[in-house]
Structure formats: structure tokens, C-alpha cells
Amino acid sequence: MKEIVLSGIRPTGNLHLGNYYGAVQNFIKLQDSYNCYFFIADYHSLTTHPHPDDLHGRVKQILVEYLAAGLDPEKATLYVQSDVPEVVELYLFLNMNAYIGELERVTTFKEKVRKQPDNVNAGLLTYPTLMAADILIHKSNYIPVGKDQEQNLEKARDFAERFNRIYGIDYFPVPQAFNFGNELIKVPGLDGSGKMGKSEGEGNAIFLYEDDKSIRKKVMRAVTDSGPTEPNQVKPEPIQNLFNLMKIVSKPETVQFFDEAYNNMSIRYGDMKKQLAEDIIQMVTPFRERINELSSNDEYIKKVARMGAEKAHESASKTIKEVREIIGFRSF
Ligand code: TRP
């Protein structure tokens, strides 16, 4: 039997090139060789927003964009967390063996306490238990998560081991982080520093839904400097980032052309950005078209969500039935 890979996606923000070349491309590869569960974590939204703005619309948008990017509902199980309420029952069971002290020590919790001091709710404290329930409901083996989620995954491992120990049964596999190591492509942002992300400001990221005009505008505004002052100079960070972005979306000849121009000091950043913008547009256009197509195909989206819910429900209800028996619940 194939091993199980699972990941949750928060329904916030749209897919940008950074997400695409990072997480999404890896999901696409994984769906070919593992039994994959990818879901939209809409329950989790309530920990920060008791009344989320257009929750359904956001969930749909995420589903549409991940499908447009290449997640295949025939290969992976794509579902919405709230379509599988068995997760909530497992969350309850896990919470009975989760201790306040350990939950309070989780750094993401401490951060949230700082960020929203007037809404330190129990859901926020038990975020790691809900995440563990997401993972354990399908008895997942591997979780592809970023650095920021490592501690939450660590808690899921603790809860799995604890369940097995308390009930004296080797039931839940202890989930491992899926490490991509060097395969992870880092996409630099347009602000000259670090990586592409929406939290660094709107202009820093290029989204898959974006139109040509807006892409050109953003790329032309990317941070540069006044140009090289001597031949073969080491590139300062913002310039290196622009080249790195170009390496991802442009042809090798194009990169080489501008690299040589940089080295012999004839480079014009305006020309380079124009080229970069056109190459990004080339890359993004088919995604934007698919996003638009899918967005207006409610029938198809409904079909995908139903199919995912059904497959996820099948696996989740099996787990819940077994967990109930293990703990000692029996129906009369
Ligand atoms: N906490 C994850 C994030 O913020 C989302 C998530 C929820 C998740 N449940 C999960 C990730 C289970 C992996 C496995 O990105």
C-alpha cells in the first residue's frame, strides 16, 4: 500500500509564484507516487476570525487556484476540512490528552497571543490538536510543511505517540516531516530582499491570477541600483534576486545575455525588467486562463469538492470507528 502524504492549506491569500514553485510543484510531484490528501483548513480560520469574511468564497478560490496549478482530483484527495466533521470528533478525543502547559508553550500560540490579545480563545490554544486531528484522521505518514509548522507537527507526533501509549496499541503512525531538502526552489520577491510573499507587501509578489498590465507594472517597479561600476562585479542582493527570478521563468540564453551585459557593464535594468515581465506573463497566462475558466464552472468545482469529501469521509469514518472502539465507546 502507498504511504500517505497530507497537507493543509489555509484559506488566506492567493497563489503567487513563490507558492507555485515551492509547495505546489512539490504537491504535484507527490500526487503521482503517494496516497495524497490535500485539504483546505477552513475550521482553522475561526481561531483568528470568529466571523470570517466570505469564508465560502475564499475556500472556492483556493480550490480553483490549486486545481488550475495542477493538483489532480483523480490522483489526490482534495477536500474541504469542514466537509469531514469526523476531524472534530478526533480533535475532541485528542484534546482530552493534550495539556494546557504544553499547548501554551507552542511558539505560534505565543505569537497569536501577542497579535490578538483580546481574542485568546480555546481554539487558538488547541490549534495544534486540530492540526494533529487533520493528520491522524487519515493515519498520515508524511507531512510536507515549512519551517513555521515544524512545532505543530512535533505536537502531532507527541499526540500520536501518547494515544498509542495511553490505549496500549500501536494504532497511529507517528507522522514525519516530508523534507524536500535542496529540491525546494526559493523564489525571490520584487522588493530586493528575501523571498516572494504577500506579507512583504502587495508589490512583492506576482500572483497566478494576475493580468499582463499589473505584472508589467510590478516588475518595472522592482528594486534595482544604479548599475555595475566595474566589470565582473559581484551582484548586490536586489540584482542577484532579479537574476534568480529570471533563471526560474526565462530561457537560459536570456539569463546569459543579461549576465554578460552585467559583467561588461552595458546592462540596462529597464530592458532586463521588460524581458523578465514578458517571460513571467508567458508563464502566468495559462494559469490565469484556467483560474478564470474554473471559477465560472461551479458544476465542476462542486463535483471535485463532493468527490474529495466522499473519499476523505471514507478514510476518516474508518479511523473514527476504530478510535471509538479503542477508547471503549460501544453502541447499544
Ligand atoms: N497550520 C497549517 C498552516 O498554517 C495549515 C494546516 C492545518 C496543516 N492543518 C494541517 C498543515 C495539517 C499540515 C497538516 O499552514
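Start with the second largest pocket: select Met1, Ile4, Asn35, His138 and Ser315, the residues nearest its centre out of a lining of 16. Keep in mind as you go that this is a predicted model. The pocket's volume comes out at about 310 Å³. Now colour β2 (35-40) and α14 (298-327), the elements that give two or more residues each to this lining. Which of the elements gives the most to the lining? That's α14, with five residues. If you colour by class, the lining of this pocket shows five nonpolar, five polar and six charged residues.

**Next stop: the closed spaces**

Rolling a probe the size of a water molecule over the atoms shows where empty space is left. How many cavities of 30 Å³ or more does the structure hold? Two.

Go to the largest cavity, with about 60 Å³ of space. To see its walls, select Ile9, Phe38, Phe39, Ile40, Ile62, Leu63, Tyr66, Leu71, Leu78 and Tyr79. Show the cartoon as well: β2, α3 (55-69) and β3 (77-80) each give two or more residues to this lining. So you meet β2 again here, having already seen β2 at the second largest pocket. Colouring by class is quick work this time, since the lining of the largest cavity counts ten nonpolar residues, with no polar and no charged ones.

Then hop over to the second largest cavity, which has a volume of about 30 Å³. Pick Leu94, Asn97, Phe159, Arg162 and Phe163, and you have its lining on screen. Highlight helix α9 (residues 150-166) too, as α9 gives the most to this lining, with three residues. The class split in this cavity is three nonpolar, one polar and one charged.

**Last stop: a helix pair**

Hide the rest and show helix α11 (residues 237-249) with helix α12 (residues 252-263). Their axes come within 9 Å and cross at roughly 160°. Are the two helices roughly parallel or antiparallel to each other? With that crossing angle, and with over 145 degrees as the cut-off, α11 and α12 are therefore roughly antiparallel. Turn the view to look across the pair, and you'll find α11 passing α12 in a left-handed crossing.

Now bring up the side chains where the helices touch. On α11, select Ile239, Phe243, Met246 and Lys247; on α12, they meet Thr254, Val255, Phe258, Asp259 and Tyr262. By class, this contact has six nonpolar residues, one polar and two charged.

Notes. Residues numbered from 1 in each chain as written. Predicted model: local features only at pLDDT ≥ 70, side-chain atom pairs only at ≥ 80, totals over all residues. Heavy atoms only, no water. 1 Å grid on protein atoms, 1.4 Å probe; cavity = no way out; pocket = protein on both sides within 12 Å on 5 of 7 lines; lining within 4 Å. Points joined across faces, edges and corners; volume = space filled by probe spheres on them. Helix = DSSP H or I, 4+ residues; strand = E, 2+ residues; numbered from the N terminus. Nonpolar A, V, L, I, M, F, W, Y, C, P; charged D, E, K, R; others polar. Axes fitted to C-alpha atoms, helices over the stretch in contact; angles between N-to-C directions. Parallel < 35°, antiparallel > 145°, perpendicular 65-115°, else oblique. Left-handed = near helix turned anticlockwise from the far one by under 90°. Contact = heavy atoms within 4.5 Å.
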